[in-house]
Amino acid sequence: MKRKKEFYAKVSLYILTVIFLVPLYWLIVSSLKTDAEITMFPPTLWPHQINLKNFPYVWKYLHFTRTFLNSLIVSISTTVLIVIFSTMAGYAFAKKKFIGSKFLMTVLIGTMTIPATVLLLPLFFIITKLGMYDKLVSLILPFGVTVFGIFFMKQYIEDIPDALIEAARIDGCGEFKIFFTIILPLLKPAITSLAIIEFVNNWNSFTMPLVLLKSPEKYTLPLRLGMLSKETVAIPWSQIMAANVLTILPVVIIFLLLQKYFVKGIMSGSVKG
């Protein structure tokens, strides 16, 4: 009976894996086709003739090097800020007792229910007043901390025994030493998970760059991809697919390199409840 359950579980997982990999396979295969073959019916599972011209064309047409660099600067800078501030705030909410901490945490979590589009207009005015409009910094500083990040780190830090912190205090460690030498090393899986989640969020961000950037040389990758379909009469599907393949490559590579810590961090947070 137990073997049957394991067998069915494995079959289910294999089926789910195939389902999730189909869109990725279709994206890669379509990037190697011509526009005429992509629109054929019935669709072909593999290109009749592999067309690699889409990649150099997209690279040049979208000024890919500059756009890629813009996305990289925004995503890495924002992720670093989010990890730093979320870890410190999460530690304060989890291990420090101060007046109104529970109420403040409840209010912060409540703000997660507010749609981001509601904040677009006030955010636009504030950023314009601060002189950050049409600058990459406008996509970094205002988004350098997230409620999700604070809540995520708080949940993880609460699992660290108080006795460990008290023992460090008895040994003469100050608050900064406790945080940097005891707490941070224990948070490696959670920090990795949060970094991957926030990096992907910022890498794929479209609305904020669309509102806060005007100069084409400062566009990020999602914005360039959006413009690709608007700048031509016929939608160049094969080139859009090729551009998407180039866009997701860094995210896939980062995930494959850090997946061990990512799974560990997510699982640790999920079993806490």
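This passage describes the fold, the packing of helix 7 and selected residues of a predicted model.

The protein has 273 residues. Its secondary structure amounts to 13 helices and zero strands. Along the sequence the pattern is therefore α-α-α-α-α-α-α-α-α-α-α-α-α, under the DSSP assignment of helices and strands. Along the principal axes, the C-alpha atoms occupy a box of roughly 70 × 65 × 30 Å. Buried residues make up 37% of the protein. Among contacts with a separation of 6 or more, 73% link residues 24 or more positions apart.

Confidence was examined by residue and by element. The mean pLDDT of the protein is 87. A score of at least 70 is reached by 94% of the residues. Helix 4 (residues 64-95) has the highest mean pLDDT among the elements, at 93. Helix 13 (residues 237-272) has the lowest, at 78. Where pLDDT is low, predicted coordinates should not be read in detail.

Helix 7 spans residues 147-157. Nine of its eleven residues are buried, so the helix is largely enclosed by the rest of the structure. The buried set comprises Val147, Gly149, Ile150, Phe152, Met153, Lys154, Gln155, Tyr156 and Ile157. Two helix pairs involving this element were examined. Two packed helices are described by the angle between their axes and the distance between the axes.

The first pair is helix 7 with helix 5 (residues 101-111). The packing angle is about 130 degrees, and the axes lie 9 Å apart. Angles over 145 degrees count as roughly antiparallel, and those from 65 to 115 as roughly perpendicular. The angle of about 130 degrees falls in neither class. Helix 5 and helix 7 are therefore oblique to each other. Their crossing is left-handed. Helix 5 contributes Met105, Leu108, Ile109 and Thr111 to the contact. Helix 7 contributes Val147, Ile150, Phe151 and Lys154. By class, the residues of this contact are six nonpolar, one polar and one charged.

The second pair is helix 7 with helix 10 (residues 188-203). The axes come within 10 Å and cross at roughly 160 degrees. This angle is over 145 degrees, so helix 7 and helix 10 are roughly antiparallel to each other. The crossing is right-handed. From helix 7, the contact involves Phe148, Gly149, Phe152, Met153 and Tyr156. From helix 10, it involves Pro189, Ala190, Ile191, Ser193, Leu194, Ile197 and Glu198. These residues divide into nine nonpolar, two polar and one charged.

Lysine 154 belongs to helix 7. Its relative accessibility is 12%, under the 20% limit, so lysine 154 counts as buried. Neighbours within four places in sequence aside, lysine 154 is in contact with Gly90, Phe93, Ala94 and Met105. Met105 is also one of the helix 5 residues in the contact with helix 7.

Leucine 187 lies in the loop between helix 9 (175-186) and helix 10. Its relative accessibility is 0%, so leucine 187 counts as buried. Beyond neighbours within four places in sequence, leucine 187 is in contact with Thr87, Met153, Tyr156, Ile157 and Ile160. Among these contacts, Met153, Tyr156 and Ile157 are buried residues of helix 7. Leucine 187 and methionine 105 are 82 residues apart along the chain. Their C-alpha atoms are separated by 20 Å.

Two loops carry backbone features of note. Proline 42 is located in the loop between helix 2 (35-38) and helix 3 (54-61). A cis peptide bond joins proline 42 to phenylalanine 41, with omega at about 0 degrees. Aspartate 134 is placed in the loop between helix 6 (120-129) and helix 7. Its phi is near 65 degrees, a positive value in a residue other than glycine. Aspartate 134 has a relative accessibility of 10% and therefore counts as buried.

Isoleucine 240 is found in helix 13, the element with the lowest mean pLDDT. Isoleucine 240 is buried, because its relative accessible area is 12%. In sequence, isoleucine 240 and alanine 190 are 50 residues apart. In space, their C-alpha atoms are 34 Å apart. Alanine 190 is one of the helix 10 residues in the contact with helix 7.

Note on methods: Residues are numbered from 1 along each chain as its sequence is written. This is a predicted model: local features need pLDDT of at least 70, side-chain atom pairs count only at pLDDT 80 or more; totals for chains, interfaces and linings use all residues. Side-chain values use heavy atoms; hydrogens and water are left out. Axes are lines fitted to C-alpha atoms, for helices over the stretch in contact, and angles run from 0 to 180 degrees between N-to-C directions. Helices (H or I, at least four residues) and strands (E, at least two) are DSSP runs, numbered from the N terminus. Angles under 35 degrees count as roughly parallel, over 145 as roughly antiparallel, 65 to 115 as roughly perpendicular and the rest as oblique. A crossing is left-handed if the near helix is turned anticlockwise from the far one by less than a right angle, and right-handed if clockwise. Contact means heavy atoms within 4.5 Å. Ala, Val, Leu, Ile, Met, Phe, Trp, Tyr, Cys and Pro count as nonpolar, Asp, Glu, Lys and Arg as charged, and the others, Gly among them, as polar. Buried means under 20% relative accessible area, exposed over 50%, partly exposed in between (1.4 Å probe, protein chains only). pLDDT is the predictor's confidence in each residue, from 0 to 100.
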